[in-house]
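Reader: I've got a structure open on my screen and I'd like to learn how to read its side-chain contacts. Can you walk me through it?

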Amino acid sequence: EGLRRLKDLRTGRGTSRLGPALTAGYEALRHAARGREKELHLITDNQALPWEGLGDIEGSGGEWDPDDLDDRTHVFVSLLGVPSPENVFPVAVDVQPPLMLPGSSARITAQLAHTGNASGTTIVLYIDDQETGRRSAGLGSGATDAPSFIVPSLDPGTYACRVETPDDNLSLDNPFHFLIRVEERLQALCVGTEEDTLFIRAALKAGGGGASGIVAERVAADRLAETTLGDHAVVFLCNALPLSGQALDALERFLRTGGLVVLFPGPRADMDDYRALKFLPAVPVEVAEWPRSERNRVLTWNEPRHTLLRPLQEGLARPNVTVRRSLTWEDLPERASRLVSMGPEQPFLLERTVGVP
C-alpha cells in the first residue's frame, strides 16, 4: 500500500512544512497496535525553508517536539538533494527610463545570480511573449554579470515582459516577470508662481519635445487642492509652501498610489511648513546662510546608479553649484536616502519611498 501511494505521488510547486508532517505521522503511529516497533521516514532534498520551526522547539508553535516520541519509535531522515546544484536565475531588472514615451527607446539590464559551478549562460528577453533579444552572460561567484537589452520604440500601452534563463535544476526561478509602460504623453504639474516655476517648465519643455512628449501644467499653490493629481505622473513644488491641509492630504494620497513629488525649497516657507509635510525624507531644523568663501560647492553622487542620477553623470565629471543658503538637518532618519551631497557632508538631494514604487 505504501509503495503504491508513493508511486502515485507527483512533485508539486509548493514548499513543505516538516513539523506538521512529522506530527501527523507520529500521531498515526501512536494509535496503531501497541507492542510494535514504529518508524518514521523523512525524505527531503534538504532545502532550508521546510525545516523552519524545528530548530527552536519553543518557537515552533507546537508543530513538532521530539521529546514526545516513545522509546519504540524511531525517526530516519534521508537527504536526497544535490549537494551543490547548478542553478542560474535572474534576480532583478533595471529599466531605464522606467516610464517610456513613443519614439523613445529603453535599456533593460538584468542582474543574474547562481549556485554551483556554472560558468556561463544565456538570457532571453520576451515582450508580450515575443523574443526580443538574446544575450550571453559570464558567471563568477555570487551576483554576477548584468547583460542588457535595447528596447526599440513601442506604441503607447502596457507590455508584459520577462527575462528568462535556460532550464536547469530549478526551473521555477528561470523567468523574471515585469511590466513596461509606454505613455502617450507625460503629464507634469508645476506648483508655484510663474516666476518660481519658470526654469522647471523650460527644462520639461526642452526634454519633452513635440506633441508626444512631456506636458507641463502650472497651478498656483492655493489652487492645488482643486487639481486632480491622478492625471499627472509628477508634481513639482517650486517655493510653494505653505500648503493647505486639503492640498497636503491630496499629495499624500498621490504619493501612496505611485506618484512622484519633487520639492524645491524657497524663502516663503518656515520650519513649521516643512514639519507639516509628513512625507518628507527628513524634517529640516533651520535654514543656514553660507559664507561667501564657502558658497562654491562640488556635487558628489552617493547613488550613481540611481534612475535620476545616471543621465546627469554624462558630461558632468565634477559639477559645481553656488549655494547661498540651504536647509540643515540634525540627523537623517533611516527612511531618507542621500542621493547627492555638497562635498562629503552636506546633503543636496534626499529621497524617500512613500507608496508604490
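Author: Sure, and keep in mind that this is a predicted model. Let's begin with a charge over a ring: R162 lies over the face of Y126, 4.0 Å from the ring centre.

Reader: OK, now ring against ring. How many aromatic pairs are there here?

Author: The count comes to one aromatic pair. Its members are F236 and F264, whose ring centres are 6.4 Å apart and whose planes meet at 20°, so this pair is stacked. The reasoning is simple: ring centres have to lie within 6.5 Å to pair, and planes under 30 degrees apart count as stacked.

Reader: Where do F236 and F264 sit along the chain?

Author: In distant parts of it: F236 belongs to strand β13 (residues 234–238) and F264 to strand β14 (residues 260–264), with their positions 28 residues apart.

Reader: And is F236 buried or exposed?

Author: F236 has 10% relative accessibility, so it counts as buried. F264, with a relative accessible area of 39%, is partly exposed. The cut-offs behind those words are under 20% for buried and over 50% for exposed.

Reader: Let's go on to the nonpolar core. Which residues touch the most other members of the largest one?

Author: That core has 26 residues, and the ones touching the most other members are V191, L224, L229, V235, L237, L243 and L251. To see where the core comes from, look at β11 (186–191), β13, α4 (245–256) and α5 (271–275), each of which supplies at least two residues. Helix α4 gives the most, with six residues.

Reader: What about nonpolar side chains on the surface?

Author: Look at L3, L6 and L9, which make a nonpolar surface patch of about 350 Å². L9 is in the loop between α1 (2–8) and α2 (18–30). With a relative accessible area of 58%, L9 is exposed.

Reader: Now salt bridges. What's the general idea?

Author: Side chains of opposite charge can pair when their charged atoms come close. Searching the whole structure turns up 16 salt bridges.

Reader: Which one should I look at to get my eye in?

Author: Try D70 with K38, where the side chains meet in a salt bridge at 3.5 Å, N to O. This pair links distant parts of the chain: D70 is in the loop between β1 (38–44) and β2 (73–79), while K38 is in strand β1, 32 residues away. D70 has 27% relative accessibility, so it counts as partly exposed. K38, at 12%, counts as buried.

Reader: Which residues are joined into one network by salt bridges that share partners?

Author: E1, R4, R5 and D8 are joined that way. Take E1: its salt bridge with R4 has the closest N and O atoms 3.1 Å apart. E1 also meets R5 in a salt bridge, at 2.9 Å from N to O.

Reader: How exposed are E1, R4 and R5?

Author: E1 is exposed, with a relative accessible area of 57%. R5 counts as exposed too, at 55% relative accessibility. For R4 the relative accessible area is 46%, so R4 is partly exposed.

Methods: Residues numbered from 1 in each chain as written. Predicted model: local features only at pLDDT ≥ 70, side-chain atom pairs only at ≥ 80, totals over all residues. Heavy atoms only, no water. Phe/Tyr/Trp six-rings, centres within 6.5 Å; stacked < 30°, edge-to-face > 60°. Helix = DSSP H or I, 4+ residues; strand = E, 2+ residues; numbered from the N terminus. Buried < 20%, exposed > 50% of the residue type's maximum accessible area, 1.4 Å probe, protein only. Lys NZ or Arg CZ within 6 Å of the ring centre and 35° of its normal. Patch = residues over 30% accessible without salt bridge, like charges linked within 9 Å, V, L, I, M, F, W, Y side chains within 5 Å. Areas by Shrake-Rupley, 256 points an atom, 1.4 Å probe, with all protein chains shown as cover. Salt bridge = Lys/Arg side-chain N within 4 Å of Asp/Glu carboxyl O. Core = buried A, V, L, I, M, F, W, Y, C linked by side-chain atoms within 4.5 Å.
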